[in-house]
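User: I would like a close look at a single part of this protein, followed outward into the packing and the loops. Please take your time and keep the account connected.

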Amino acid sequence: MTTGRRAGIREHRAMHALFLLVFALLCGAAQAQQTLAPGVVLVPGGFEAGRQPDGNSLLLQAEGGGWLLIDSGRHRAHTEAALAVAGGTVRAVLNTHWHLDHLGGNAWLRAQRPGVQVWASAAVRQALAPDGWLDRYRRQLVEALPSAAPAQAAVMRVDLELLGQPDALRPDHEVSASALTLAGRPLQVGVETAVSGGDLWVLDRASGTLAAGDLVTLPVPFLDTACPPAWREALARLSAQPFQRLVPGHGPVMSRADFERWRGGFEALLDCAGQGLHPAACAAVWRTHAAPWLDEAGQARAGSMVGYYFKTLLQAPPEQRERFCRRP
């Protein structure tokens, strides 16, 4: 068997293991919408038992009426909630990255509002391309579906339905500029390669609100397709932005002090892994930093997920550990 073939099988198995891990571990009710500032509304995502997650969605009121939606979630109920907050008038969508819990809602939203324009990084197109990440994930689901238990099969079908509509997920416009005006709202946008190869952070200067996507997540940093050194650098750039509040990809809104605490935990986690310390010890380091956000169940989930990431990335062999740092 060739080295490339072995690597492909490992990647396939890792993706499948990740799916099962998320299905088994992540649960918790979604929270009610929150008005963060005039014309700025958070529609929180959630990890609900028995299904895959939705990421946080942020709505910014557009000049002259209507709203800009940052991330559309995965499930119809979440996207419906965001559209309801907007009074049915979403004028534009910006996806921070290609994970389905942040852009899967594009498909339903476009069916309801034909002509709505979508912006994202070039990484979304690459992930949806033949043999891209999402295409490989679709093939994996098709292969696994016949032997899946009924509850798990129902979860798989949600993603398969979305992945069967690639044109509805793909952006109309690819973001590369640092300054962008959408629906009349001036934004500062950064393009990073830390988490998915094309991760956007979006600063709404008018309100001091920074949408970080999965550059910041709870209960742990989601390292499934990440390049940790690039992520460390991206967090330094986030820290330099003049924000008052930060909306993570998953989890509650953070103050600047909250973000710096999270960032310190992230760096301590990487440093712990680099020193070759035991995953359990490093998980304890992370839990100490993240303690304000984790209840007892969250502490347990964080420990399990950190252990998984140590095995698959943080203390894996160099070729496996650095594979997401070599982007096309």
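Where in the fold does Glu 192 have its place?

Analyst: The model is a predicted one, and in it Glu 192 belongs to strand β9. With a relative accessibility of 5%, below the 20% under which a residue is called buried, Glu 192 counts as buried. Its side chain is nevertheless provided with a polar partner, since a polar contact of 2.7 Å links the side chains of Glu 192 and Arg 237. If residues up to four places away in sequence are set aside, the residues touched by Glu 192 are Gly 197, Gly 198, Asp 199, Trp 201, Leu 215, Ala 234 and Arg 237. Several of these can be placed by their numbers: Leu 215 falls within β11, which spans 209–217, while Ala 234 and Arg 237 fall within α9, which spans 228–239.

Gly 198, listed among the contacts of Glu 192, is also touched by Ser 121, whose contacts beyond four places in sequence are Pro 171, Val 175, Gly 198 and Leu 200. Ser 121 sits in the loop that runs between β6 (117–120) and α5, and at 3% relative accessibility Ser 121 is counted as buried.

The loop between β11 and α9 holds Pro 219, and the peptide bond that leads from Leu 218 into Pro 219 is cis, its omega being near 15°. Such a bond stands out because most peptide bonds are trans, just as most residues other than glycine have a negative phi. Two residues depart from the latter tendency. Ala 183, in the loop between β8 (179–182) and β9 (185–192), has a positive phi near 50° without being a glycine, and Ala 183 is buried, with a relative accessible area of 15%. Asp 131, which is likewise not a glycine, has a positive phi of about 70°; Asp 131 lies in the loop between α5 (122–128) and α6 (133–144), and at 45% relative accessibility Asp 131 counts as partly exposed.

From the loop that holds Asp 131 the chain passes to α6, which packs against α7 (residues 150–163) at an angle of about 135°, with the axes 10 Å apart. At that angle α6 and α7 are therefore oblique to each other, and their crossing is left-handed. On the α6 side the contact involves Leu 134, Tyr 137, Arg 138, Leu 141, Val 142 and Ala 144, which meet Met 156, Asp 159, Leu 160 and Leu 163 of α7. By class, eight residues of this contact are nonpolar, no residue is polar, and two are charged.

Toward the later part of the chain, helix α10 (residues 256–274) packs with α11 at about 170°, the axes being 8 Å apart, and α10 and α11 are therefore roughly antiparallel to each other. From α10 the residues in contact are Arg 261, Trp 262, Gly 264, Gly 265, Phe 266, Ala 268, Leu 269, Cys 272 and Ala 273, and from α11 they are Ala 281, Cys 282, Val 285, Trp 286, Thr 288 and His 289. The contact of α10 with α11 comprises 10 nonpolar, four polar and one charged residues.

Helix α11 (residues 279–290) also crosses α12, their axes coming within 9 Å at roughly 130°, so α11 and α12 are oblique to each other, and the crossing is right-handed. Here Pro 279, Cys 282, Ala 283, Trp 286 and Arg 287 of α11 meet Gln 299, Ala 302, Gly 303, Val 306 and Phe 310 of α12. Seven nonpolar, two polar and one charged residues make up the contact of α11 with α12. At the start of α12, a side-chain oxygen of Asp 295 comes to within 3.2 Å of the backbone nitrogen of Ala 297. The buried residues of α12 (residues 296–314) include Ala 302, Gly 303, Val 306 and Phe 310, each of which also takes part in the meeting with α11; Arg 301, Tyr 308 and Tyr 309 are among the other buried residues of this helix.

Key:
Residues numbered from 1 in each chain as written. Predicted model: local features only at pLDDT ≥ 70, side-chain atom pairs only at ≥ 80, totals over all residues. Heavy atoms only, no water. Buried < 20%, exposed > 50% of the residue type's maximum accessible area, 1.4 Å probe, protein only. Helix = DSSP H or I, 4+ residues; strand = E, 2+ residues; numbered from the N terminus. Polar contact = N/O pair within 3.5 Å; in protein donor to acceptor, adjacent residues only side chain to side chain. Axes fitted to C-alpha atoms, helices over the stretch in contact; angles between N-to-C directions. Parallel < 35°, antiparallel > 145°, perpendicular 65-115°, else oblique. Left-handed = near helix turned anticlockwise from the far one by under 90°. Contact = heavy atoms within 4.5 Å. Nonpolar A, V, L, I, M, F, W, Y, C, P; charged D, E, K, R; others polar.
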